[in-house]
Amino acid sequence: MKTILDNLNWRYATKKFDSTKKLSNENLNTLLEAARLTASSYGLQPYHIYVIENEEIRTRLRKVSYDQPQITDASHLIVLANKPTFNDTLIDDYIENIMVVRGLSKDDLKEFSQTMKSTLLDLPDAQKGAWTSNQAYIVLGNLMTVAANMQIDACPMEGFDNEQYNEILGLSDKGLNAAVVLAVGYRSKEDETQNHRKVRYSKEQIITHIN
Ligand SMILES: Cc1cc2nc3c(=O)[nH]c(=O)nc-3n(C[C@H](O)[C@H](O)[C@H](O)COP(=O)(O)O)c2cc1C
């Protein structure tokens, strides 16, 4: 039985996928469920998750991703799209969801709603966008760890033109922006990168205990 650290040492940002190997529906669903279960600030989930298999779309996306082969050769491409701005609808929809799931009244949630509105709604758009993008990156981290633990290969990717992605995927019209991408699938035996040693700061350099 592999430990979590075995799997985190096994994973690497895959450069060359075996394009003949596809994730099973069951594995894909597990990954997506892990994405959906990711924690977010206040629980607001200010993002949307796109799963792209379509070859033609992926060929177009590759052209605006510095021609990186992972875009077309991975089994699936997961695009995490954040909300570059938002208004009270984001919070009202979430409150509505809590009411249904937990059987609470609007009044029960009034204070919570007001706290979220007063901390978030007056932020300038740039800060709103940075905050929602941060939330999308938590999904990315969660997906990467879960994928590694399932021995599914992945490559996190920011090397793409997000405006072109927004155009190709029709995201702007939906109030979304492509924040970051995760290509998932299975490594090619020919990918030399899998043999590279991990480069990380030592524990002493990067961790400080304050007791
Ligand atoms: C947010 C993020 C964006 C990245 N973008 C790319 C990318 O566009 N293309 C790529 O080949 N690798 C990309 N990487 C992979 C990193 O270079 C890699 O994770 C890092 O060098 C550590 O190596 P390892 O993941 O193999 O352990 C990205 C990683 C992260 C976390």
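Which hand does the crossing of α5 and α6 have? Keep that in mind while you get your bearings; the tour comes back to it.

**Before you click**

What you have open is a predicted model, in which local features need pLDDT of at least 70 and side-chain atom pairs count only at pLDDT 80 or more, while totals for chains, interfaces and linings use all residues. Residues are numbered from 1 along each chain as its sequence is written, and side-chain values use heavy atoms, with hydrogens and water left out.

**The whole chain**

Show the protein chain as a cartoon: there are 9 helices and 4 strands. These are DSSP runs numbered from the N terminus, with helices being H or I of at least four residues and strands E of at least two. Follow the sequence and you meet them in the pattern α-α-β-α-α-β-α-α-α-β-α-β-α. Along its principal axes, the C-alpha trace spans about 60 × 50 × 35 Å.

**Stop one: the sheet**

Select the strands. They form an open sheet of 4 in the order β1-β2-β4-β3, with antiparallel pairing; two strands pair if DSSP finds at least two bridges between them. At the edges sit β1 (47-52) and β3 (153-157), each pairing on one side only. On average, neighbouring strands are turned by 20° against each other, direction ignored.

Now zoom in on β3 and β4 (residues 177-185), which run antiparallel and are joined by 5 bridges. Pick Met157 and look across to β4: its bridge partner there is Val181. Then add α8, which packs on the sheet and touches β1, β2 (76-82) and β4, its direction making about 80° with that of β4.

**Stop two: α3 and α8**

Keep α8 (residues 162-169) and bring in α3 (residues 55-63). Their axes come within 10 Å and cross at roughly 160°. That makes α3 roughly antiparallel to α8. For angles, under 35 degrees counts as roughly parallel, over 145 as roughly antiparallel, 65 to 115 as roughly perpendicular and the rest as oblique. The axes are lines fitted to C-alpha atoms, for helices over the stretch in contact, with angles from 0 to 180 degrees between N-to-C directions.

Show side chains for Ile57, Arg60 and Leu61 of α3, and for Tyr165, Ile168 and Leu169 of α8: these make the contact (heavy atoms within 4.5 Å). By class, they are 5 nonpolar, no polar and 1 charged. Here nonpolar covers Ala, Val, Leu, Ile, Met, Phe, Trp, Tyr, Cys and Pro, charged covers Asp, Glu, Lys and Arg, and the others, Gly among them, are polar.

**Stop three: α2 and α7**

Next select α2 and α7 (residues 125-149), which pack at an angle of about 145° with their axes 9 Å apart. Leu31, Ala34 and Ala35 of α2 meet Val139, Asn142, Leu143, Val146 and Ala147 of α7. That contact has 7 nonpolar, 1 polar and no charged residues.

**Stop four: α5 and α6**

Back to the opening question: the crossing of α5 and α6 is right-handed. A crossing is right-handed if the near helix is turned clockwise from the far one by less than a right angle, and left-handed if anticlockwise. Light up Asp88, Ile91, Asp92, Tyr94, Ile95 and Ile98 of α5 with Phe112, Ser113, Met116 and Lys117 of α6 to see the contact. Its residues divide into 6 nonpolar, 1 polar and 3 charged.

**Last stop: a ring pair**

The whole structure holds 4 aromatic pairs. Rings of Phe, Tyr and Trp (its six-membered ring) pair if their centres lie within 6.5 Å; planes under 30 degrees apart count as stacked, over 60 as edge-to-face and the rest as tilted. Select Tyr42 and Phe112: the ring centres are 6.2 Å apart and the planes at 65°, so this pair is edge-to-face. Tyr42 is in the loop between α2 (25-36) and β1 and Phe112 in α6 (residues 110-120), so the pair ties together parts 70 residues apart in sequence.
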